[in-house]
Amino acid sequence: MIRLYTYFRSGTSHRVRIALNLKGLTYEQVPVHLVKGEQQQEPYRTLNPQGLLPLLEDGAARVSQSLAIIDYLERTHPEPRLLLEDAAGEARVRSLALICACEMHPLNNLRVLKYLKNPLGLDQAARDAWCRHWMEEGFAALERRLTGELETGRFCHGDRPTVADICLVPQVVSSARWGTDLGPYPTVRRIHEACMELEAFARAMPANQPDAE
Ligand SMILES: N[C@@H](CCC(=O)N[C@@H](CS)C(=O)NCC(=O)O)C(=O)O
């Protein structure tokens, strides 16, 4: 049985839930409450010394880092594929995914926001502005690429979902928390809507998780 340590509102856990659903895998969810700080406490800290979600256990395998988990699932359960067979296609899909995973999500993460508050002393309005700024930079880059590149289809790459869509959707979902205006990014919105028509994406939404509040 696959076990996923997760929190309903965690964007990185959200990525893994989508991947598991797309591959048709059943899994047990173990909620770790991020706002209560359970990720920094035992017993979770021993499982993942970095103190971050998600974490996947599959028999003897224990994997942290959402994109490493998705790579693991791709190797252990290749169908349906979330990456591309050809080198250029795979590189494009990864590079779109990394805009979300490296340039957007880490800047708006809980521990970063806590640090901006204390010791750096930024108030709520300044912290929200920080989040919106990095979201807008990332979405603008995604929009330019998705609009300008011929490989874009119904989804980020062609007409089936890939790891690029798996990273895009949680980013769109979490952007609402800081009041990000998605008006300037029509292609991002169109692809998000196409994803949400799929049951695998809908079932992975934060509100549909057992630990949702
Ligand atoms: N690069 C990591 C990032 C993991 C991460 O930052 N997870 C967040 C939840 S979305 C977390 O656990 N935050 C806890 C904290 O900031 O204390 C991944 O992709 O898994």
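Analyst: A residue counts as near the ligand if one of its heavy atoms lies within 4 Å of it. In this predicted model, 16 residues surround the ligand, the closest being Gln 39, Leu 53, Gln 65, Ser 66 and Asn 109. Residues are numbered from 1 along each chain as its sequence is written, and side-chain values use heavy atoms, with hydrogens and water left out. Because the model is predicted, local features need pLDDT of at least 70 and side-chain atom pairs count only at pLDDT 80 or more, whereas totals for chains, interfaces and linings use all residues.

User: What makes the approach of Gln 39 to the ligand a polar contact?

Analyst: A polar side-chain atom of Gln 39 lies 2.8 Å from an oxygen atom of the ligand, and a polar contact is a pair of N or O atoms within 3.5 Å, so the pair qualifies. For Ser 66 the distance from a polar side-chain atom to a ligand oxygen is 2.7 Å, and for Gln 65 it is 2.7 Å to a ligand nitrogen. The protein covers 90% of the 510 Å² of accessible area that the ligand has on its own (Shrake-Rupley method, 1.4 Å probe).

User: Which elements give two or more residues to the shell around the ligand?

Analyst: They are helix H1 (11–22) and helix H5 (110–117), where a helix is a DSSP run of H or I with at least four residues and a strand is a run of E with at least two. H1 gives the most, with three residues.

User: What is known about the backbone at Gln 65?

Analyst: Its phi is near 75°, a positive value in a residue other than glycine, and Gln 65 is found in the loop between strand S4 (61–64) and helix H3 (66–76).

User: Where are the cis peptide bonds that lead into Pro 43 and Pro 54?

Analyst: The bond from Glu 42 to Pro 43 is cis with omega near 10°, and Pro 43 has its place in the loop between S2 and helix H2 (44–47). The bond joining Leu 53 and Pro 54 is cis as well, with omega about 0°, and Pro 54 is found in the loop between H2 and strand S3 (55–58).

User: Why is the pair of Arg 3 and Glu 28 called a salt bridge?

Analyst: Their side chains meet at 3.3 Å, N to O, and the rule asks for a side-chain nitrogen of Lys or Arg within 4 Å of a carboxyl oxygen of Asp or Glu, so the pair meets it. The pair links distant parts of the chain, with Arg 3 in strand S1 (residues 2–6) and Glu 28 in strand S2 (residues 27–31), 25 residues apart. By this rule the count comes to 13 salt bridges.

Conventions
A polar contact is a pair of N or O atoms within 3.5 Å; within protein, one must be able to donate a hydrogen and the other to accept it, and residues adjacent in sequence count only if both atoms are side-chain atoms.
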